[in-house]
Structure formats: structure tokens, C-alpha cells
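Reader: I am new to this structure and should like to learn how its features are read. May we go through them one at a time?

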Amino acid sequence: MRTQSLPAKVSGTLTGMDPDPVDHARRLACDRFPDALAVILAGSTAAGRATAGSDLDIAVLIGDGSETCRETIRFEGRVVELFVHTRAGLVDLFAADVAVRRAVLQSMYATGLVLVDTDGAAGRARAPAEADLREGEGPRFDPRRGEGERRLRPRRTETGGQRPDAG
């Protein structure tokens with residue numbers, strides 16, 4: 001098992017847990033979602049800003065015919081937020097995020113660490129997420145610092161006006 005050195009403050013609080021949260025996320029993905037099409041680790045852990053108390057934010061793309069859901073669990077002592085989606089469910093959720101000018105899932109898929117990628121599924125999910133962010137990222141997010149919340153600007157029609165559904 002690969003380990004990494006952590007600052008004393010962090011390593012002292014991780015007793016009993018794997019000090020490498022990426023390995024922890026991989027184990028969870030293999031254990032809980034062996035047939036996943038894609039698994040993406042996002043949030044502070046993927047950005048390298050995790051603390052000892054940080055949860056794991058994991059997006060899981062599963063085959064159609066399953067259920068899209070969000071679930072909070074504890075895995076090997078660590079809190080994990082699971083965002084489980086079918087392909088169709090992900091398309092619908094991306095559209096809903098755009099409609100309310102939020103980019104939570106887009107940010108996860110566009111900037112997260114790919115842990116599982118079956119037949120390019122992660123790349124196919126990442127492409128529309130990145131496109132949504134390019135087309136409408138608002139000024140409330142500073143990607144250099146990883147702070148704030150990504151907000152999407154209202155999309156424009158070909159004539160330059162706002163779409164009626166843009167809010």
C-alpha cells in the first residue's frame with residue numbers, strides 16, 4: 001500500500017484511517033461499485049486541500065437502468081458523500097444545474113480525479129461538464145484558490161439575449 005507523509009497535525013488525527021484519502025476512495029469504489037462506468041474523486045481531497053476532518057466527495061457514473069441518488073455514508077471511519085448517477089440522470093442533473101446557474105456536478109466531473117474510467121466513460125462525462133463551465137462560469141469562483149462556489153452565467157441565445165429559462 002502506498003502511503004504519503006502528512007503534516008504532524010493531520011497524521012495525528014487520522015489514527016485508524018488510511019492516511020491517503022485517494023487510496024481510501026479507490027477502495028470504496030472497488031468495494032461498493034465494482035461495475036461503475038466512472039468514479040471521480042472531487043472536492044477538497046481532489047484539490048489537495050483536505051484536512052483530517054474532510055469528507056470524500058465521490059461522483060459515480062453507473063449503467064442506465066439503475067437509480068440516480070445522493071447518499072452520505074461512513075466507510076472505514078471516513079464520511080463519504082456519494083453522488084451516484086446514470087448517464088441519463090447525469091444529463092438531467094447537468095441541465096438542472098445550468099437552469100439554476102449552479103455548477104456543483106459540473107465542477108466535480110470537470111476538475112475531479114478520475115479513479116475509474118471504463119471505456120472512456122469519465123471523459124465522455126467530463127466533456128459536457130467542462131463545456132458548461134466554459135460557457136457560463138460566473139465571477140464568484142476563483143479556480144486558482146479553489147474557493148467560493150461555481151456559478152454559471154445565464155446562457156445567451158444566438159441573438160445575444162438571455163434564454164427565458166436562464167432565470
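Reader: Where along the chain is Asp119 placed?

Author: This is a predicted model, and in it Asp119 lies in the loop between β5 (113-117) and α6 (121-136).

Reader: Is Asp119 buried or exposed?

Author: A residue counts as exposed when its relative accessible area is over 50%. Asp119 has a relative accessible area of 67%, so it is exposed. Its backbone deserves a look as well: the phi of Asp119 is near 55°, a positive value in a residue other than glycine.

Reader: What is the phi of Arg101, and where is Arg101 placed?

Author: Arg101, also not a glycine, has a positive phi of about 60°. Its place is the loop between α4 (87-99) and α5 (104-111). Between the cut-offs of 20% and 50% a residue counts as partly exposed, and Arg101, at 24% relative accessibility, is therefore partly exposed.

Reader: The loop of Arg101 joins α4 and α5. How should the packing of α4 and α5 be read?

Author: One takes the distance between the axes and then the crossing angle. For α4 and α5 the axes come within 8 Å and cross at roughly 120°. The two helices are therefore oblique to each other. On the side of α4 the contact is made by Leu90, Leu93, Phe94, Asp97 and Val98, and on the side of α5 by Val104, Leu105, Gln106 and Tyr109. Sorted by class, this contact of α4 with α5 has seven nonpolar residues, one polar and one charged.

Reader: At what angle do α4 and α6 pack?

Author: The angle between α4 and α6 is about 10°, and their axes are 11 Å apart. Because an angle under 35 degrees counts as roughly parallel, α4 is roughly parallel to α6. Leu90, Phe94 and Val98 of α4 meet Ala125, Pro128, Ala129 and Asp132 of α6. The residues of the contact of α4 with α6 divide into six nonpolar, no polar and one charged. Leu90, Phe94 and Val98 belong to the contact with α5 as well.

Reader: How many residues of α5 are buried?

Author: To judge whether a helix is enclosed, one looks at its residues in turn. In α5, six of the eight residues are buried, so the helix is largely enclosed by the rest of the structure. The buried residues are Leu105, Gln106, Ser107, Met108, Tyr109 and Ala110. They pack against β1, β2, β4 (78-86), α4 and α6.

Reader: Strand β2 is among the partners of α5. Which residues does Asp57 of β2 touch?

Author: Asp57 is placed in strand β2 (residues 56-62). Leaving aside residues up to four places away in sequence, Asp57 touches Ile40, Leu41, Ala42, Gly43, Glu81, Phe83 and Met108. Of these, Met108 is one of the buried residues of α5. Asp57 and Leu41 are 16 residues apart along the chain, and their C-alpha atoms are separated by 6.0 Å. With a relative accessibility of 16%, Asp57 counts as buried.

Reader: How far apart are Ala47 and Gly112 in sequence and in space?

Author: Such a pair is read by setting the two separations side by side. Ala47 and Gly112 are 65 residues apart in sequence and 7.7 Å apart in space, C-alpha to C-alpha. Ala47 is in the loop between α3 (43-46) and β2. At 45% relative accessibility, Ala47 counts as partly exposed.

Reader: What pattern does the chain follow along its sequence?

Author: The chain has six helices and seven strands, in the order α-α-β-α-β-β-β-α-α-β-α-β-β. Of its 167 residues, 41% count as buried. Among contacts between residues at least 6 apart in sequence, 52% join residues at least 24 apart.

Reader: Where is confidence lowest in the chain, and where is it highest?

Author: Where pLDDT is low, the predicted coordinates should not be read in detail. Confidence is lowest in helix α1 (residues 8-11), with a mean of 32, and highest in strand β1 (residues 38-42), at 97. Over residues 1-16 the pLDDT is below 50. The value also stays under 50 over residues 138-167. The chain averages a pLDDT of 77, and 71% of the residues score at least 70.

How values were computed. Residues are numbered from 1 along each chain as its sequence is written. This is a predicted model: local features need pLDDT of at least 70, side-chain atom pairs count only at pLDDT 80 or more; totals for chains, interfaces and linings use all residues. Side-chain values use heavy atoms; hydrogens and water are left out. Helices (H or I, at least four residues) and strands (E, at least two) are DSSP runs, numbered from the N terminus. Buried means under 20% relative accessible area, exposed over 50%, partly exposed in between (1.4 Å probe, protein chains only). Axes are lines fitted to C-alpha atoms, for helices over the stretch in contact, and angles run from 0 to 180 degrees between N-to-C directions. Angles under 35 degrees count as roughly parallel, over 145 as roughly antiparallel, 65 to 115 as roughly perpendicular and the rest as oblique. Contact means heavy atoms within 4.5 Å. Ala, Val, Leu, Ile, Met, Phe, Trp, Tyr, Cys and Pro count as nonpolar, Asp, Glu, Lys and Arg as charged, and the others, Gly among them, as polar. pLDDT is the predictor's confidence in each residue, from 0 to 100.
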